[in-house]
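Hi,

Here is the structure I promised to pass on. Have a look at it first, and then read my notes underneath.

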Amino acid sequence: MKRKIISTLLCVSMCAALMMGCGQSDKSDTKENKKTEESKDEAKDDKLDLGLDVDSVTVATSPGYEPFEFEEDGELKGYDVDIWNEFSERTGIEVKWEYADFSGLLGLLSSGKADAVSAQMSPTEERKDSYLFSDPVDYYGSTVVVAKDNDEIKSVKDLSGKTVGVGSGNSMQQAVEDMYPKGDVKFEVYTSATLEAMFDDIAYGRIDAVLAQDIQTYMAMKSNKNLKIKVLEPFAYDIATIVFAKDNTELCDAMNKFIKIIKEDGTLQEISEKWIGADITTKKE
């Protein structure tokens, strides 16, 4: 009888111990979960709030446009890329990239495959009808590039009867067409925004000149000392922006807030100095 009583007491004690252990474990787990949630909330509090309730943003660009967006060892780099890297770091919102030729970037916005286009695109009256544009992220000169030994073309006013290379969708083409309403400038349109093929065609005499950004051209000349070209004085100065779908005012407004912040704290200028070696974030006169 004693043995049965002792056995019964041992079983009761063991069960009680197990129940207490489980209770302590549950309490411990609850505390850990609470700490994790608090840590997450603190991390969110540390992030910049631009009023966006999204986890990610898909940005379309056209790689090969050094120093603004290009691939190196499989990694996307450049001026525009660093702006979005800074955006992601400060807000905690993931940035995903979608690639296309420059001429196809706006189509990605229209189809909903991208939330923004970041590729040194300037607003035109035609584009403004269908898309929203951010405040300027930089300023650039619109230039004419010719062969180094070409003394005939001294400015944009000397393009009558000439064949001029331009990237598809480049707003400079419309500007030059407006200067020559009789259509006496022939344009050779390249599907890619990169300048390499155009500069080769200048060298081979297939075209007489190229329309390009001054910054991009100087960077191309810096990286390839064999280019026998020269850059004429800019015929206009323009702005580069980030583009959004017409109804995406929320993201456009948020990016304008962000651009203002990184301009005021000097971050945008630092990005410019890093990739360009000069400050292109202020308006040229």
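**Backbone oddities, strand pairing and a charged patch**

Pro-67 sits in the loop that links β1 and β2 (70-72). Keep in mind while you browse that this is a predicted model. The peptide bond between Glu-66 and Pro-67 is cis, with omega at about 10°. For context, most peptide bonds are trans, and most residues other than glycine have a negative phi.

That second habit is broken at a couple of places in the chain. Asp-73 is not a glycine, yet its phi is positive, near 55°. You will find Asp-73 in the loop between β2 and β3 (75-77). Is Asp-73 buried or exposed? Its relative accessibility is 80%, so Asp-73 counts as exposed, the cut-off being over 50%.

Gln-120 also has a positive phi without being a glycine, here about 60°. Rather than a loop, the setting for Gln-120 is strand β5, which covers residues 116-121. Gln-120 has a relative accessible area of 4%, and because anything under 20% counts as buried, this residue is buried.

While you are looking at β5, follow its pairing with β12. Strand β12 takes in residues 236-245, and β5 runs antiparallel to it, with four bridges between the two. One bridge to pick out is Val-117, whose partner in β12 is Val-243.

β12 has other pairings to look at:

- Strand β6 (residues 131-133) pairs with β12 in the antiparallel sense, over three bridges. Tyr-131 has Ala-245 of β12 as its bridge partner.
- Strand β7 (residues 138-147) is antiparallel to β12 as well, joined to it by five bridges. Here Tyr-140 is matched with Asp-238 in β12.

Last, the surface. Which residues make up the patch of negative charge there? Asp-53, Asp-55, Glu-94, Glu-250 and Asp-253 gather to form it. To find the patch, you could start from Asp-53, in the loop between α1 (2-46) and β1 (56-61). Asp-53 has a relative accessible area of 75%, which is over 50%, so this residue is classed as exposed.

If you want a short list of places to click on, I would take the cis bond joining Glu-66 and Pro-67, the positive phi of Asp-73, the positive phi of Gln-120, and the negative patch that includes Asp-53.

Cheers

Notes
Residues numbered from 1 in each chain as written. Predicted model: local features only at pLDDT ≥ 70, side-chain atom pairs only at ≥ 80, totals over all residues. Heavy atoms only, no water. Patch = residues over 30% accessible without salt bridge, like charges linked within 9 Å, V, L, I, M, F, W, Y side chains within 5 Å. Areas by Shrake-Rupley, 256 points an atom, 1.4 Å probe, with all protein chains shown as cover. Salt bridge = Lys/Arg side-chain N within 4 Å of Asp/Glu carboxyl O. Lys, Arg positive; Asp, Glu negative; His and termini not counted. Charge placed at Lys NZ, Arg CZ, Asp CG, Glu CD. Buried < 20%, exposed > 50% of the residue type's maximum accessible area, 1.4 Å probe, protein only. Pairing = 2+ DSSP bridges.
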